[in-house]
Amino acid sequence: MEILGIDIGGSGMKGAIVNTEKGELITERHKIETPQPATPKAVTGVIQQIIDHFNWKGPLGAGFPSIVKEGVTRLAVNLSPEWDDMNIETHVKEKTGLDNTFLNDADSAGLAEIRFGGHDTGGLVVMLTFGTGIGSAFFYNGVLIPNMEFGHVEILGGKNAEKYAAARIRKEKDLSWEEWGDRVNQYLKHLERILSPSLFVIGGGVSRKTEKFMDCIKVRTPVQAATMQNNAGIIGAACRFKDVHSQVLA
Ligand code: BGC
């Protein structure tokens, strides 16, 4: 199937048409900066611009940086409080006319990495995306457990992990890669202690630069860099639409 995948992040919104069987983009990516403030009206406007760019009339699968439970968004801390308790799927259908599904952004990226990125080792695979925030996606024997908000666990006696170790913090606090890598290591150690995963997958933009901080990571759990990098969120979001609608559309 060909589906328009859109990855909505705190700083950028990226879309492309995806071949969901191959897990590949079949067009170039089109990127637009996330509007500020990232209200429903503004973000939906950019979704429409991406649809128009591809002159797309088919289905749409999107990744969104908050809890998305049965189409309803909650706690979009890096976008706007106006998203709280909104049925984004109904809203986007009304505004754009396109059939769509929305899934948490890290869950979307994880779905692509598990299916096409070679990380499906079985057991508990924890994918973490480091960007504006920290996203987390859990897979148990290849099956997604959605909305695991482990970017917000408390570490070091009460610090929100995302405010301590997101990639954004490295830039904001002007940390060296080593200083930031130590923070990521503290975070992974905490997760390892409470989850005993089989594998950590490190995603987000930093997955292209793991050589800069991997030496700082000293957990027992194997750690792999995400392989699909910036395309994972787009591909996984499109696959989600296919998964949800496969019986209807088959
Ligand atoms: C949100 C998550 C999201 C992550 C990455 C966090 O602040 O709570 O839902 O996956 O940022 O965008």
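How many residue pairs are in polar contact across the interface of domain 1 and domain 2? Keep that question in mind while we walk through this predicted model, starting with how the chain is divided.

The domain assignment splits the protein chain into two parts. Domain 1 is made of residues 2-107 together with 231-249, while domain 2 covers 121-226. If you place a point at the C-alpha centre of each domain, the two points lie 24 Å apart. Where the domains meet, 12 residues from domain 1 and 14 residues from domain 2 take part in the contact.

Now for the surface they share. Domain 1 and domain 2 bury about 890 Å² between them, and 49% of that area is on carbon and sulfur atoms. On the domain 1 side, three residues stand out: N78, A106 and D107 supply 54% of the area that domain 1 buries against domain 2, more than any other three residues.

Back to the opening question. The rule finds three residue pairs in polar contact across this interface, with both residues of each pair at pLDDT 80 or more. Salt bridges, on the other hand, number zero between domain 1 and domain 2. The elements that give two or more residues to the domain 1 side are β6 (67-69), β9 (100-104) and α3 (105-116). Of these, β6 gives the most, with three residues. By residue type, the domain 1 side divides into five nonpolar, five polar and two charged residues.

Next, turn to the ligand. The residues around it are P65, S66, I67, V77, N78, N104, D105, I134, G135, E149, H152 and E162. You have already met N78, one of the three residues that supply 54% of the area domain 1 buries against domain 2. Three of the side chains around the ligand are worth a look for their polar atoms. For E149, a polar side-chain atom lies 2.5 Å from an oxygen atom of the ligand. For E162, the corresponding distance to a ligand oxygen atom is 2.6 Å. N104 also places a polar side-chain atom by a ligand oxygen atom, at 3.0 Å.

Finally, two details of the backbone are worth a visit. Q36 and P37 are joined by a cis peptide bond, with omega about -5°. You will find P37 in the loop between β4 (30-33) and α1 (40-53). On the other side of α1, in the loop that runs between α1 and β5 (60-64), sits N55. N55 has a positive phi of about 50°, although it is not a glycine.

Conventions: Residues are numbered from 1 along each chain as its sequence is written. This is a predicted model: local features need pLDDT of at least 70, side-chain atom pairs count only at pLDDT 80 or more; totals for chains, interfaces and linings use all residues. Side-chain values use heavy atoms; hydrogens and water are left out. Domain bounds come from an automatic or database domain assignment. Contact means heavy atoms within 4.5 Å. Buried area is the accessible area (1.4 Å probe) that two parts lose on being put together, summed over both. A salt bridge is a side-chain nitrogen of Lys or Arg within 4 Å of a carboxyl oxygen of Asp or Glu. A polar contact is a pair of N or O atoms within 3.5 Å; within protein, one must be able to donate a hydrogen and the other to accept it, and residues adjacent in sequence count only if both atoms are side-chain atoms. Helices (H or I, at least four residues) and strands (E, at least two) are DSSP runs, numbered from the N terminus. Ala, Val, Leu, Ile, Met, Phe, Trp, Tyr, Cys and Pro count as nonpolar, Asp, Glu, Lys and Arg as charged, and the others, Gly among them, as polar. A residue is near a molecule or strand if one of its heavy atoms lies within 4 Å of it.
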